[in-house]
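This briefing concerns a single protein chain and selected features of its fold. The sequence and the model are shown below.

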Amino acid sequence: MELTGEQLNMAETQLKIYLPRSQQVYGYLVLRNRVRSDPVRVFVDRWPEFNVIVCKPQYEQKEDLFKDILVFAIDQAILEDIITKSNVLDWTQFICIGINLRYMEIFKAVASEKGMSSSQLAVCHMMILKDVSNLPSIDSPGISLSSLDESHVGLVNQMWKFAKNKEAVRMIRNMLANFPSCCVLDAEGKPVSWILTYASCAMGMLYTLPEHRGKGYAKVLISTMTKRLHAQGYPVYCFIEEENETSYKLFKNLGFTQEDPSHREA
C-alpha cells in the first residue's frame with residue numbers, strides 16, 4: 001500500500017527504532033516530510049507494522065531514472081517476495097537502488113530471473129555524527145561561504161564521478177533547489193569547493209577543484225553543513241565508498257563514526 005499524509009510521519013517515527021540500519025530511508029522521510037522536493041511515492045507491505053518500505057521517486061523524464069529508489073527491510077523473505085511478485089519495481093527499465101549490502105544478492109537474483117542485467121555501483125561505509133558538540137573547531141578566516149543554486153547544476157554534474165552525460169542533471173537540480181548545500185567562493189564569486197545534501201538527507205558530492213585543494217576547504221564545508229543540518233533537526237551522516245580512504249579519515253577526524261562497523265550500503 002502507498003503511504004500518504006500522517007502515515008508518512010508515523011513511518012518516520014517507526015524507522016527510528018531500527019537505526020542505524022534504517023538511516024537512509026529514515027533520512028529520506030525526514031526531508032520528505034519537511035521540505036518541498038520532486039514527488040516521491042512511499043510503499044509498505046502492510047500498515048501500520050511494516051516489514052518492507054520502498055521510497056520511489058516519480059519518473060517523468062529519462063533523466064529521472066538516475067534518482068535512487070531506497071529500500072529498507074526488516075524481513076528478508078518478505079522483501080524477496082515483494083520485489084519478485086509485486087509491481088512496485090519496474091524491472092523493464094533502468095533503475096538505481098540504494099540498499100543494505102546484505103540484500104544485494106537478492107536483487108541480483110531477481111533481476112537475473114527477469115532477464116535483466118545488474119551491476120554494483122558502489123559499496124559504502126555509513127558514518128554518523130551523533131554528538132555535534134564533539135565537532136572540532138575549524139578556523140575559516142578569509143573563506144567566503146555561500147549556498148549553491150540551480151545555476152551551478154552543470155558544474156556539479158560535470159565534476160561528480162557517477163554522472164554520465166546529463167543523466168544526473170535533474171537529480172542534482174532537485175538537490176540544489178530544495179536541500180541544504182554549502183560552497184566556498186573564490187574572489188570572483190565562483191564556487192571552487194562544495195558539499196550537497198542527498199534526498200536521503202546524507203551529506204555528499206563533496207568536491208574541491210584541483211587547483212584549490214590543500215587549503216582546508218573540505219573541513220570547513222563539512223563542519224558548516226553539519227551544524228546547519230543539526231540546527232534544522234536533520235540527521236547528520238554520510239556515505240563513504242570503501243576504497244576512499246582519504247574521505248574516510250577526513251570524516252573520522254571530524255568525529256564521524258560507524259555505529260555498526262559491519263554495516264554497508266550499496
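The points below cover an annotated region, one helix and two loop residues.

The structure is a predicted model. A UniProt record, an unreviewed entry, places the feature "domain: N-acetyltransferase" at residues 143-266. Over residues 143-266, helix makes up 33% of the chain and strand 20%.

**Annotated region**
- The C-alpha atoms at the two ends of the stretch 143-266 lie 35 Å apart.

**His152**
- His152 is located in the loop that runs between β7 (144-146) and α5 (153-159).
- Its relative accessibility is 15%, so His152 counts as buried, the cut-off for buried being under 20%.
- When neighbours within four places in sequence are set aside, the contacts of His152 are Leu176 and Pro191.

**Helix α2**
- Helix α2 spans residues 23-32 and is mostly covered, with nine of its 10 residues buried.
- The buried residues of α2 are Gln23, Gln24, Val25, Tyr26, Gly27, Tyr28, Leu29, Val30 and Leu31.

**Ser37**
- Ser37 belongs to the loop between α2 and β2 (40-44).
- Ser37 counts as partly exposed because its relative accessibility is 25%, and partly exposed covers the range between the buried limit of 20% and the exposed limit of 50%.
- Asn174, Asn178 and Phe179 are in contact with Ser37, leaving aside neighbours within four places in sequence.
- The C-alpha atom of Ser37 is separated by 8.0 Å from that of Ala177, although the two positions lie 140 residues apart in terms of chain separation.

Key. Residues are numbered from 1 along each chain as its sequence is written. This is a predicted model: local features need pLDDT of at least 70, side-chain atom pairs count only at pLDDT 80 or more; totals for chains, interfaces and linings use all residues. Side-chain values use heavy atoms; hydrogens and water are left out. Helices (H or I, at least four residues) and strands (E, at least two) are DSSP runs, numbered from the N terminus. Buried means under 20% relative accessible area, exposed over 50%, partly exposed in between (1.4 Å probe, protein chains only). Contact means heavy atoms within 4.5 Å. UniProt positions are given in the numbering used here, feature names are shortened, and annotations may be inferred rather than shown by experiment.
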